[in-house]
Amino acid sequence: MRRIIQRLIAAIVLSIGIVAAAVGTSYGQDKVVRIGYQKYGKLVLLKSKGTLEPKLAADGYKVVWTEFPSGPPLLEALNVGAIDFGNTGEAPPIFAQAAGAPIQYVAYEPPAPKGEAILVPKDSPLKSVAELKGKKVALNKGSNVHYLLVKALEKAGVKYSEIEPVFLAPADARAAFERGAVDAWVIWDPFQAAAEAATGARTLADGTGIVANYQFYFSSKKFLEANPKIVDAVLAELSSVDDWAKGDIHAVAEQLAPAIGLSVPVVEVALKRQSYGIKPITDTVIADQQQVADAFFALNLIPKSIKISDVARKPGS
């Protein structure tokens with residue numbers, strides 16, 4: 001696992017260094033909130049609406065946005081101090097905490113189990129998860145779908161060691177999937193909806209009855225301790241965007257589609273499988289997340305046992 005983490009750091013350290021240098025050059029000693037976001041989700045909506053900047057300007061803060069391709073590099077950026085706030089699914093923070101990253105869970109979105117799935121080509125002979133035994137399965141290592149694969153195999157009576165995981169980022173996995181280099185692909189929305197629409201990919205299983213598929217919001221421990229009111233302000237604006245999105249999914253799809261390069265109908269499908277409501281971390285959510293951590297430790301996917309409660313924001317902090 002140490003070697004895996006080192007390779008991950010090596011792969012992104014140059015881009016992080018550039019981002020950090022750019023922030024320092026642009027803003028000098030100004031107070032800055034550096035937010036990491038992915039191409040899809042509530043944070044990219046907040047960025048596009050532009051409502052956070054004037055809110056934080058009143059407190060003397062500027063906002064700097066940095067896009068990441070997935071959750072693991074986003075949390076590594078938080079680990080090395082290149083960003084202060086961001087969001088990912090349930091699996092990336094497990095790997096980050098096990099590697100010693102100073103993350104703090106500050107909020108979550110309710111379960112969205114249909115927002116990730118194990119896909120096979122439309123003409124694949126595979127009809128069940130049990131038939132993945134001995135097959136090549138593409139996935140983004142350390143992402144939410146990693147846990148979906150682990151639990152779906154377990155439910156089907158297949159050991160994780162009995163499949164051949166092929167670790168690829170979404171774009172590379174899509175290419176491998178389309179040319180038949182892998183037998184199945186475990187992926188999340190909107191990539192999931194896009195593949196279904198473009199290739200007719202079939203679902204062997206989504207998260208329903210298997211995993212929750214939470215989305216979490218994080219701050220670095222240092223930033224949260226120094227700026228709790230700013231973290232609360234970001235979460236308040238996220239809640240406002242969330243309320244708008246829940247009430248007008250078509251309008252949200254129209255706004256997101258050009259930015260992420262997908263059609264409005266595809267984005268709309270993905271949004272309907274998403275959950276809504278930005279909520280404070282609860283004991284129940286911590287317990288659910290602990291199950292993810294324990295599963296990864298049992299499979300030797302993380303180097304040590306961890307306690308989620310150690311890095312969850314306490315009420316009133």
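The legends below describe an overall view and several close-up views of a predicted model.

**Figure 1. Overall fold of the protein.** The predicted chain contains 13 helices and 10 strands. Along the principal axes, its C-alpha atoms occupy a box of roughly 60 × 45 × 40 Å. The radius of gyration is 19 Å, which agrees with the value near 20 Å that a compact globule of 317 residues would have. Of these 317 residues, 53% are buried. Among contacts between residues at least 6 apart in sequence, 79% link residues at least 24 apart. The exposed surface amounts to about 13800 Å², of which carbon and sulfur atoms supply 54%. Side chains with positive charge number 35 and those with negative charge 32, and the centres of the two sets are 4 Å apart.

**Figure 2. The largest nonpolar core.** This core has 67 residues, and the members that touch the most others are Ile 94, Tyr 105, Ile 118, Leu 132, Leu 149 and Phe 296. Helix α6, residues 144-156, gives the most to this core, with seven residues. A second, separate core has 40 residues, including Tyr 37, Ile 230, Ala 245 and Val 267. In soluble globular proteins, nonpolar side chains tend to be buried together.

**Figure 3. Surroundings of Tyr 105 and Gln 289.** Beyond residues up to four places away in sequence, Tyr 105 touches Pro 93, Ile 94, Phe 216, Tyr 217, Phe 218, Ile 281, Gln 289, Ile 308, Val 311, Ala 312 and Arg 313. Gln 289 belongs to helix α13, residues 283-298. Its relative accessible area is 1%, so Gln 289 counts as buried. With the same sequence neighbours set aside, the contacts of Gln 289 are Glu 90, Pro 93, Ile 94, Tyr 105, Phe 216 and Ile 308.

**Figure 4. Leu 256 in helix α11.** Helix α11 spans residues 249-260 and contains Leu 256. Leu 256 is buried because its relative accessible area is 3%, below the 20% limit for buried residues. Outside residues up to four places away in sequence, Leu 256 touches Tyr 40, Val 44, Leu 45, Val 267 and Leu 271. One of these contacts, Val 267, is also a member of the second nonpolar core. The C-alpha atoms of Leu 256 and Leu 56 are 24 Å apart, with their positions 200 residues apart along the chain.

**Figure 5. Val 264 in helix α12.** Val 264 is part of helix α12, residues 264-272. Its relative accessibility is 24%, so Val 264 counts as partly exposed. Val 264 and Glu 254 are 10 residues apart along the chain, and their C-alpha atoms are separated by 5.6 Å. Glu 254 is also among the contacts of Val 264, together with His 250, Ala 253 and Ala 257, when neighbours within four places in sequence are left aside.

**Figure 6. Leu 119 in strand β5.** Strand β5 covers residues 116-120 and holds Leu 119. Leu 119 is buried, with a relative accessible area of 0%. Its contacts, apart from residues up to four places away in sequence, are Phe 177, Ala 184, Trp 185, Ile 187, Gln 192, Ala 195, Glu 196, Ala 201, Arg 202 and Thr 203. Pro 280 is 161 residues from Leu 119 in sequence, and the C-alpha to C-alpha distance between them is 32 Å.

**Figure 7. The cis peptide bond at Pro 190.** Asp 189 and Pro 190 are joined by a cis peptide bond, with omega about 10°. Pro 190 sits in the loop that connects β8 (184-188) and α8 (191-199).

**Figure 8. Asn 213 and Asn 300, two residues with positive phi.** Asn 213 has phi near 60°, a positive value in a residue other than glycine. This residue is placed in the loop between β9 (202-206) and β10 (215-220). Asn 213 counts as buried because its relative accessibility is 7%. Asn 300, likewise not a glycine, has a positive phi of about 60°. It is located in the segment after α13. Asn 300 is exposed, with a relative accessible area of 65%.

Methods
Residues are numbered from 1 along each chain as its sequence is written. This is a predicted model: local features need pLDDT of at least 70, side-chain atom pairs count only at pLDDT 80 or more; totals for chains, interfaces and linings use all residues. Side-chain values use heavy atoms; hydrogens and water are left out. Helices (H or I, at least four residues) and strands (E, at least two) are DSSP runs, numbered from the N terminus. The radius of gyration is taken over C-alpha atoms; the globule rule is 2.2 Å times the number of residues to the power 0.38. Buried means under 20% relative accessible area, exposed over 50%, partly exposed in between (1.4 Å probe, protein chains only). Contact means heavy atoms within 4.5 Å. Accessible areas come from the Shrake-Rupley method with a 1.4 Å probe; for residues, only the protein chains shown count as cover. Lys and Arg count as positive and Asp and Glu as negative; His and the chain ends are not counted. The place of a charge is taken as NZ of Lys, CZ of Arg, CG of Asp or CD of Glu. A nonpolar core is a set of buried Ala, Val, Leu, Ile, Met, Phe, Trp, Tyr and Cys residues joined through side-chain atoms within 4.5 Å.
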